[in-house]
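Q: Please pick one part of this structure and look at it closely. Then connect it to its surroundings and to the rest of the model. Keep it brisk.

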Amino acid sequence: MALLEVNDLTVKFYTQDGVVTAVNGLDYRVERGEKFGVVGESGAGKSVTALSLMRLIESPGRIESGEILFKGEDLLEMSEEEIRSVRGNEIAMIFQDAQTALNPVYTVGEQVSEAIRHHLDYDDAEARERTIQLLDRVGIPEAETRYSDYPHQFSGGMQQRAVIAMALSCDPGLLICDEPTTALDVTIEAEILDQIEELADDFDAAVQLITHDLGVIAQVCDRVMVMYAGKPVEKAPVEDLYYDPKHPYTVGLMSSIPRVGDSRERLQTIPGTMPDLVELPTGCSFHPRCPYAEEACTRKEPPLLDPETGAEAAASSAEHAAACLEYTGDLRDGLDYEIEVRGQDPRTDVRQVEGDQDD
Amino acid sequence: MRRIYDSEALHRDDDEAFAPSEEERSVRLQALRSIDSTALSDRLIPTGLRRRAISVDVSTPRTEYSEGEPVPFSVTMKNSLPFPVTVSTASPILWTWTVDGEREASRVPLHEPPAEAGRFRFDRGERKEFRKRWEQMFRVSETEWESAAPGEYTIGAGINVEASDGAALYDETVVRVVPE
């Protein structure tokens, strides 16, 4: 049994402008100890997915259908009391902006120890002790004195570390990281990511990492799901996605990563912007921005397909799947892109790839 | 959850300028005074008057479009009364548009809204404008669309109240799709 299994999740927001379908028929699973990445542009539904897992969607949003099985139990069927005992305890979340995630009028130590007192029934002294250990563990110097500091007395990186300490305080089975490094500079970003990875291994927690940074995904994750306009467009093990992307959107995302030493004058970007989720384009949602779009793309919306066989991919499958009409044989001209792998492809060669320290 | 006033975490000091004082407040804090216009509208304004106060208008820039060309249209709703008005809707979907009676140009139901009423709030004299586009396509199944053949089509929009056609809460306009 997978640790987390999301089946056919649909989240809608009823607004004055119309019904915003933020997440539409999403299926995925995260195994125990696995690091699962969710990537996409702003507005793709990544954060709404994460918030649904914690049942934190607020009005006018509603989880319309689907099930979220965590350790076999449906989180959507739980009472408010039951979900509160799961939230922060078995599923913890690291939010993107630590400054707003922390309460400015509580000391940092108090905020971390509150979770420990609430979920683990520690008394004040024990909770304080454990908090100090945790703050020290996430790399906050002089944890004992820093315990009684307020969030504004911490730097951005330290605030994020405090939030990580809070998330790890109850030894969660699943850690949801919603763009944990967006507000930080790159050097701190690398440190924080290393730390999340290391701590997740130490605490044996599965990680669902949400980001719009493909580099971060490559460094941390085992499997990736690419989202566009509330739907998954590609799911794959991380190496397959990078060395053999199957969806034109993923290809576009890859080509828009700036590279040092690139001689091109302009950066290749994906033209246009994410569509309005109130009024999605007909057919494949990506077709207005897709360089390979044909007439068929405006009339038919492809499900996630196995790129080899063209058969519909099973929700539980961990194999490569992409939602493009190319794999149903509906495209006449096909996808006309070439992938150039510089260095060695780690899938065909077990030797260490230059510059890649993960292998 | 422990609140700030019963937490030891807050440092209180009478002499320190930026720390909260140790004294209890003698006056109770009051929230910003405001009027719940929805509740007032519900209690004071009869439903008939509320519905009559709101007008809906649908318009397209042209009446003739060539085949395959997207048809933009704008839906304007206006509250003619000098005070706020709230209209109760049949579901959280506040208003919808249709092409030849098909909701959002779809032959399959797109949304299954929860069975509860919605609230469409208008400020005094407020004018709301929504811009939409019909791609000259009808959705025929969950995943498939079909082009509209040349001919006349009625684009309508209305607030989602029961039997809105008779009242002023619905409007429609006709466009002609001509072959290229």
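**A covered helix and what lies around it**

A: Start with α7(A), which is mostly covered: 12 of its 13 residues are buried. The model is predicted. Helix α7 takes up residues 156–168 of chain A.

Which residues of α7(A) are buried? From the N-terminal side, they begin with Gly157(A), Met158(A), Gln159(A), Gln160(A), Arg161(A) and Ala162(A). The list goes on with Val163(A), Ile164(A), Ala165(A), Met166(A), Ala167(A) and Leu168(A). Gln159(A), Gln160(A) and Arg161(A) are thus among the buried residues, alongside Val163(A) and Ile164(A).

What do these residues pack against? Two of the partners are strands of chain A, β6 (91–94) and β7 (174–178). The others are helices of chain A: α3 (98–101), α4 (108–120), α5 (124–137) and α8 (186–203).

Next, check the length of the helix. At 1.5 Å a residue, the 13 residues of α7(A) should span 18 Å. The expected span is 1.5 Å times one less than the number of residues. The end C-alpha atoms of α7(A) are 18 Å apart, which agrees.

How far does the predictor trust the chain around this helix? Chain A averages a pLDDT of 87, and 96% of its residues score at least 70. Residues 350–359 of chain A have a pLDDT below 50. Beyond near neighbours in sequence, that stretch has nine contacts in the model.

Elsewhere in chain A, one loop deserves a stop. It lies between α1 (46–53) and β4 (61–70) of chain A, and Pro60(A) is in it. The peptide bond that joins Ser59(A) and Pro60(A) is cis, with omega about 10°. Arg55(A) is found in the loop between α1 and β4 of chain A too. Its phi is near 55°, a positive value in a residue other than glycine. Is Arg55(A) partly exposed or buried? Arg55(A) has 17 C-beta neighbours inside 10 Å, so it counts as partly exposed. A buried residue would need 20 or more.

Now cross to the partner chain. The contact takes 19 residues from chain A and 20 residues from chain B. On the side of chain B that touches chain A, β8(B) gives the most, with three residues. By class, this side has 10 nonpolar, four polar and six charged residues.

Strand β8(B) leads into a sheet. This is an open sheet of three strands of chain B, in the order β1-β3-β8, with antiparallel pairing. Its edge strands are β1 (54–59) and β8 (127–134) of chain B, each pairing on one side only. Neighbouring strands in this sheet are turned by 15° against each other on average, direction ignored.

Strands of a sheet pair through backbone hydrogen bonds, either parallel or antiparallel. Here β3 (residues 71–79) of chain B pairs with β8(B) in the antiparallel sense over eight bridges. Thr76(B) stands opposite Glu129(B) in β8(B). Six bridges join β3(B) to β1(B), and these two run antiparallel as well. One of the partners is Asn79(B) in β3(B), which bridges to Ile54(B).

In a regular strand the side chains alternate between the two faces of the sheet. Strand β1(B) shows this alternation. Ile54(B), Val56(B) and Val58(B) point to one face and are buried. Ser55(B), Asp57(B) and Ser59(B) point to the other face and are not buried.

Chain B has another sheet to compare. Five strands form an open sheet in the order β2-β12-β11-β5-β6, with mixed pairing. Its edge strands are β2 (64–66) and β6 (102–103) of chain B. Inside it, β5 (residues 95–99) and β11 (residues 151–159) of chain B run antiparallel, joined by five bridges. The bridge partner of Trp95(B) in β11(B) is Ile159(B).

Just past this sheet's edge strand comes another positive phi. Glu104(B) is found in the loop between β6 and β7 (118–122) of chain B. Its phi is about 50°, although it is not a glycine. With 19 other C-beta atoms within 10 Å, Glu104(B) is partly exposed.

Finally, chain B as a whole. Its secondary structure comes to two helices and 12 strands. The two helices come before the strands, counting from the N terminus. Of its 180 residues, 23% count as buried. Among contacts in chain B with a separation of 6 or more, 71% join residues 24 or more positions apart.

Notes
Residues numbered from 1 in each chain as written. Chains lettered and ligands numbered in written order. Predicted model: local features only at pLDDT ≥ 70, side-chain atom pairs only at ≥ 80, totals over all residues. Pairing = 2+ DSSP bridges. Helix = DSSP H or I, 4+ residues; strand = E, 2+ residues; numbered from the N terminus. Axes fitted to C-alpha atoms, helices over the stretch in contact; angles between N-to-C directions. pLDDT = per-residue confidence, 0-100. Contact = placed C-beta atoms within 7 Å. Nonpolar A, V, L, I, M, F, W, Y, C, P; charged D, E, K, R; others polar.
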